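Colleague: Could you give me a close look at one part of this model, the sheet and whatever sits against it? Take it strand by strand if you can, and keep it informal.

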Protein chains: 2
Amino acid sequence: MILDAEETDGPLIETIVTGAGAFSEEEVDALGAVWAEFLDLGAEDSGYDFLVERDGGVVLGFVCYGSRELTDGVFDLLSVAVDAAALRQGIGRRLLRAGEGEAQDAGARMVMAETSGTARHLGVRGLLQSAGYEVEATIKDFYCVGDDLHVFVKRF
Amino acid sequence: MILDAEETDGPLIETIVTGAGAFSEEEVDALGAVWAEFLDLGAEDSGYDFLVERDGGVVLGFVCYGSRELTDGVFDLLSVAVDAAALRQGIGRRLLRAGEGEAQDAGARMVMAETSGTARHLGVRGLLQSAGYEVEATIKDFYCVGDDLHVFVKRF
């Protein structure tokens, strides 16, 4: 069942993120900072929101998104990940759909996701494509030389 | 003369920003938040830096840039503006060049600038083009419907 994340979900989300293997140390730290701000200020004042797929006391996946500064109706999909033991059950798709719904309720015209073009983001790129996102911009050698930025966009 | 910004330059920078007419209220607020973080934490810990063109006690222009999270060697040119009374003297070009130099000293491989495709950013787009920046990505209807994002990039 997809629900709003609770404070006690922090360690479970971190376990999924570190276990997924797709996130660099800097990305884990950046997501940790977003989580801390979300807990500290709440969804409205931080601009961030987290949803989790919860099965009893276990978190099987999460999605995090936030409204984009300086825009009217653009939301960033900041992170989505599913526990390695719960892949291929459609949880990622359901999390994306739930996040998009909440974003639309909050006024989103479009959602953007910044991903790496390398193998480490292969899983999330496949998920985004299957969910109707399209690459609308590419910046060569963004993360580092040989690791391009692909900006996926979905419009409502 | 182009120098590091000092704490007392804050109101002078704000006067230039609000006088330039190119910045929305949200952009002025966002730049104010960057300035506050820069003053609070310093250039190294905030990741931001401000340079000013100073003529005696008067600030004629400024440039602000910062290292981009999650990247190795990408810097954002966050803002550049020149006092309306001091335009067409090459101050913008000199500020850009000085900022690029400092960014390169700090490890920049490239500098990125996010601009609006509408008339309000016409001046800065012209400045960027004349300084060797190229549009590498465009996101339609980013700021709002009818106001696209143009991402300018300069590589070193």
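**The sheet and its neighbours**

Modeller: Let's start with strands β3 (residues 58-67) and β4 (residues 74-82) of chain A, which run antiparallel and are joined by 7 bridges (pairing takes at least two DSSP bridges between strands; strands are DSSP runs of E, at least two residues, and helices runs of H or I, at least four, numbered from the N terminus). Within that pair, A:S67 has A:F75 of β4(A) as its bridge partner. Packed on the sheet here is helix α4 (residues 122-130) of chain A, which touches β4, β5 (110-116) and β7 (147-155) of chain A (contact means heavy atoms within 4.5 Å). The direction of α4(A) makes about 155° with that of β5(A) (axes are lines fitted to C-alpha atoms, for helices over the stretch in contact, and angles run from 0 to 180 degrees between N-to-C directions).

A word on the ground rules. This is a predicted model, where local features need pLDDT of at least 70, side-chain atom pairs count only at pLDDT 80 or more, and totals for chains, interfaces and linings use all residues. Residues are numbered from 1 along each chain as its sequence is written, chains are lettered from A and ligands numbered from 1 in the order in which they are written, and side-chain values use heavy atoms, leaving out hydrogens and water.

Now step back to the whole sheet of chain A. It is open, has 7 strands and mixed pairing, and reads β1-β2-β3-β4-β5-β7-β6. At its edges stand β1 (2-4) and β6 (134-144) of chain A; each has a single partner strand, so one side of each lacks a neighbour in the sheet. From one strand to the next, the twist averages 30°.

The edge strand β6(A) runs antiparallel to β7(A), with 6 bridges between them. In that pair A:I139 sits opposite A:L149 of β7(A). The two strands, β6(A) and β7(A), make a hairpin with 2 residues between them, and A:G146 in the turn has a positive phi of about 90°.

What about the other copy? Chain B superposes on chain A by a rotation of 180° with 0.0 Å of shift along its axis, at an RMSD of 0.0 Å (a least-squares fit on C-alpha atoms of residues with pLDDT of at least 70 in both). The two copies are therefore related as by a two-fold rotation axis. B:A137 is the residue of chain B that comes closest to that axis, with its C-alpha at 2.6 Å. Both copies use the same surface, as 100% of the contact residues of chain B recur in chain A.

Chain B lets us follow the other end of the strand order. Strands β2 (residues 48-55) and β3 (residues 58-67) of chain B are antiparallel partners over 8 bridges, and B:V52 has B:F62 of β3(B) as its bridge partner. Against this region packs helix α1 (residues 10-20) of chain B, touching β2, β3 and β4 (74-82) of chain B, with its direction at about 90° to that of β3(B). Helix α2 (residues 25-46) of chain B also lies across β2, β3 and β4 of chain B, at about 105° to β2(B).

One last piece is the helix pair α3 (residues 91-105) and α4 (residues 122-130) of chain B, which pack at an angle of about 60° with axes 10 Å apart. That makes α3(B) oblique to α4(B) (under 35 degrees is roughly parallel, over 145 roughly antiparallel, 65 to 115 roughly perpendicular and the rest oblique). Where they meet, B:G92, B:R93 and B:L96 of α3(B) contact B:L127, B:L128 and B:S130 of α4(B).
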